[in-house]
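Hi,

Here is the structure I promised to pass on. Have a look at it first, and then read my notes below.

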Amino acid sequence: MGIYRLPDGVVTRRCAEDSARYSCVRALILALLVLIPPSVFGSVHDPRAVQLGGYKAVRVHYGPLNKMIMSVRINGQPTDLLVDTGSNQIILEADAAASFGVRPSQRGLRYIRFTQINGQLLPVGFAQNLTAGSMNFGSSLVALRNSIRSGRGNGHIDGVLGLDILLGHKAVINCRTKVVFFKVDQTRQMNLSSVTLSQKFTRIPLRREENGALTVPCSIRSKPARMLVDTGAFVTTFHEGLFTSLGIASEPTRVSARFATGAAKRMSAGRINDLKIGDFKVPPEKFGVTALPNFALQQGSTTIAGILGMDTLYICHAIIDLDNMNLFLK
């Protein structure tokens, strides 16, 4: 399995022999009171595609390796963050955060607040103001980590925009048209299900696990399982133990998966012809296969089979509705 960039900047899978040139980094309604314009599902070049009653729209763009990047301002300073449904909160690189005036809370020489992310204890800072486009999110706590990357080249980001913001503002993420909508009028209700049905989408219910992760039901060879919905994962990847148990062959590649802790694992590729996400039949394709770390496999009391990443979300026109907790695919 390899990775290549589409003309619009999106990375997707390619055959194994081309993979040597690439590296994969890291391994988401009570009544119809407002009409949802069809342009919500339209072309990225259609200016009407940023219209949704009761919401403010913020454009995103794709960087190298499927990074869904949002341009924001932190305490008035511009930066880029990864839109990441696999993270429960905002995380900033410590050096960049300091340049924005965001530092760990301290009492003398001791931090007074920490948060645990993927087994790591990280200090917490406070951003006085966070904005994106015309959307003002106000103040926010942020976790601070040492950078696991170097340089500020093409596609550099200074952190991630997590579920604390995305869920808190009932975001609707359109992975194909590259727009994120944030709800600003809590009295307005919408029913995306009726609109997406007319557009031939399939609705899959999202479930939030006790640790905050977003998962969806899936099946391979009729074996039920669950997948983590992670817009911060650039390639859809399954646990190698699942492939072994199902007798699905995989072949080695020169691609590595690097996870949030900095650990790198060699990735294989295996073809799945009968993957279903909810009732949606995913086109036959080769997917990543590796030994997923425990923090990715165990989401609260739920054991997942794999990570649903941005390549599949883009190809399948994913719309992630965090207001009514649905994933729409077609």
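Let me start with a small puzzle: is Glu251 buried, partly exposed or exposed? Bear in mind that this is a predicted model. The answer is partly exposed, because its relative accessibility is 29% and the partly exposed class runs between 20% and 50%. Its salt-bridge partner, Lys286, is partly exposed too, with a relative accessible area of 25%. The side chains of Glu251 and Lys286 meet at 2.6 Å, N to O. This pair links distant parts of the chain: Glu251 sits in strand E21 and Lys286 in strand E25, 35 residues apart.

There are five salt bridges in the structure, and some of them share partners: Arg207, Glu209 and Arg226 are joined into one network. Arg207 and Glu209 come together at 3.0 Å, N to O, while the closest N and O atoms of Glu209 and Arg226 are 3.8 Å apart. Glu209 lies in the loop between strands E17 and E18 and Arg226 is in strand E19, so this pair ties together parts that are 17 residues apart in sequence. Both Glu209 and Arg226 are buried, with Glu209 at a relative accessible area of 6%. Arg207 counts as partly exposed, at 37%.

Next, have a look at strand E5, residues 67-74. Six of its eight residues are buried, and it pairs with several strands:

- E4 (residues 61-63) runs antiparallel to E5, with three bridges. His61 stands opposite Ile69. The two strands form a hairpin with three residues between them, and Leu65 in the turn has a positive phi of about 60 degrees.
- E6 (residues 77-83) is also antiparallel to E5, with six bridges. This hairpin has two residues between its strands, including Asn75, with a positive phi of about 50 degrees.
- E11 (residues 120-132) joins E5 through two bridges, again antiparallel. Here Arg73 stands opposite Thr131.

Met70 is worth finding as well. It stands opposite Leu81 in E6, and it is among the residues with the most contacts inside the largest nonpolar core, which has 64 residues. The others named there are Phe182, Leu322 and Leu327. Beyond its sequence neighbours, Met70 is in contact with residues including Val58, Leu161, Val180 and Phe182.

Finally, try Asp323, in the loop between strands E29 and E30. Asp323 is buried, at 18% relative accessible area. A polar contact of 3.4 Å joins its side chain to that of Tyr55, and Asp323 also touches Lys170, Ala171 and Lys183.

Cheers

Notes. Residues numbered from 1 in each chain as written. Predicted model: local features only at pLDDT ≥ 70, side-chain atom pairs only at ≥ 80, totals over all residues. Heavy atoms only, no water. Buried < 20%, exposed > 50% of the residue type's maximum accessible area, 1.4 Å probe, protein only. Helix = DSSP H or I, 4+ residues; strand = E, 2+ residues; numbered from the N terminus. Pairing = 2+ DSSP bridges. Polar contact = N/O pair within 3.5 Å; in protein donor to acceptor, adjacent residues only side chain to side chain. Contact = heavy atoms within 4.5 Å. Core = buried A, V, L, I, M, F, W, Y, C linked by side-chain atoms within 4.5 Å. Salt bridge = Lys/Arg side-chain N within 4 Å of Asp/Glu carboxyl O. Lists of a residue's contacts leave out its neighbours within four places in sequence.
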